[in-house]
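Visitor: I should like to understand how the terms used for a structure such as this one are decided. Please show it to me, and let us begin with its empty spaces.

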Amino acid sequence: MTNEQYFEHKPTSPSEPVTFRVSLPDGSLQLTTDRGVFSHGALDLGTRVLLLKGPPLPPRGDLLDLGCGAGAIAITMAKRSPEATVWAVDVNARALRLCRDNARANKVTNVRTCTPEEIDQDVRFAAIWSNPPIHIGKPAMHAMLLHWLARLRADGEAVMVVQRHLGSDSLQTWLTIQGYPTERLSSAKGYRLLRSVPRLAASQSRGIDLDP
Ligand SMILES: C[S@@+](CC[C@H](N)C(=O)[O-])C[C@H]1O[C@@H](n2cnc3c(N)ncnc32)[C@H](O)[C@@H]1O
């Protein structure tokens, strides 16, 4: 028995693949998960909330699944926006391998898996979706979010699912203070779905309240 965290860069726990189907109103996917990767053996409830309640995605452009794990979010984004390029980013090498294999198993060809360092600096995202790694700690997660939110297009948006008892409300306030006005899109099963946009775009056209 190991205490390996799901955000290890190179998990060492023995492999124990588990494959299951995820049914969604707009289709289903087959997902293989493994030890050392987030949510081994089942779809995470927060991820399900994001997939069920996430807003329509841009039909094309560059989209990002930040912290892709085995790829449930990235593959769903890719199926919903087949003309887009979905970047599936993770620090965990086993997760990246699973995500790539899962994309292939689901006959999805527009997912590109890579580490955070491997994405071209010039890519700007029309949408970022994430079930973010809260357990890496607040300073690391805040730094990660600021890094990627700065790469949103002016008309782009980030949608994140966060458990209420893991600080979704304070994250919403913090994001707004950082220059990404953030609203709660919905709340379900103890999770909140947050939508953040760049402040300039919000003040120009979106009518989102800029006060935290
Ligand atoms: C809560 S899990 C979500 C996994 C997957 N998206 C899902 O919904 O099942 C968060 C993921 O973020 C990854 N992660 C941790 N730190 C990261 C970082 N600095 N950059 C990118 N991904 C990171 C973890 O390895 C983990 O796979």
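Guide: The largest pocket holds about 600 Å³ of space. The model is a predicted one, in which local features need pLDDT of at least 70 and side-chain atom pairs count only at pLDDT 80 or more, while totals for chains, interfaces and linings use all residues. Residues are numbered from 1 along each chain as its sequence is written, and side-chain values use heavy atoms, with hydrogens and water left out.

Visitor: What makes a space a pocket, and which residues line the largest pocket closest to its centre?

Guide: On a 1 Å grid over the protein atoms alone, a pocket is an open set of points with protein on both sides within 12 Å along at least five of seven lines, whereas a cavity is a set where a 1.4 Å probe fits but cannot get out; lining residues have an atom within 4 Å of a point. The largest pocket is lined by 36 residues, and Y6, F38, G67, N131 and P133 are the closest to its centre. Two or more lining residues come from each of β2 (27-33), α2 (72-80), α4 (138-149) and β7 (152-163). Of these, β7 gives the most, with three residues.

Visitor: How do you know where the ligand sits?

Guide: A molecule sits in a pocket if more than half of its atoms lie within 2 Å of the grid points of that pocket. The ligand sits in the largest pocket, so it meets this condition.

Visitor: Why is the pair formed by T47 and the ligand called a polar contact?

Guide: A polar side-chain atom of T47 lies 2.6 Å from an oxygen atom of the ligand. A polar contact is a pair of N or O atoms within 3.5 Å, so this pair qualifies. Likewise, a backbone N or O atom of G67 is 2.7 Å from a nitrogen atom of the ligand, and a polar backbone atom of Y6 is 3.3 Å from an oxygen atom of the ligand. The ligand taken alone exposes 590 Å², of which the protein buries 92% (areas by the Shrake-Rupley method with a 1.4 Å probe).

Visitor: How many cavities are counted, and what lines the largest cavity?

Guide: The count comes to one cavity of 30 Å³ or more. The largest cavity has about 30 Å³ of space, and its lining consists of L66, I128, S130, L145, W148, L149, A158 and M160. The largest share of that lining, three residues, comes from α4.

Definitions and conventions:
Polar contact = N/O pair within 3.5 Å; in protein donor to acceptor, adjacent residues only side chain to side chain. Points joined across faces, edges and corners; volume = space filled by probe spheres on them. Helix = DSSP H or I, 4+ residues; strand = E, 2+ residues; numbered from the N terminus.
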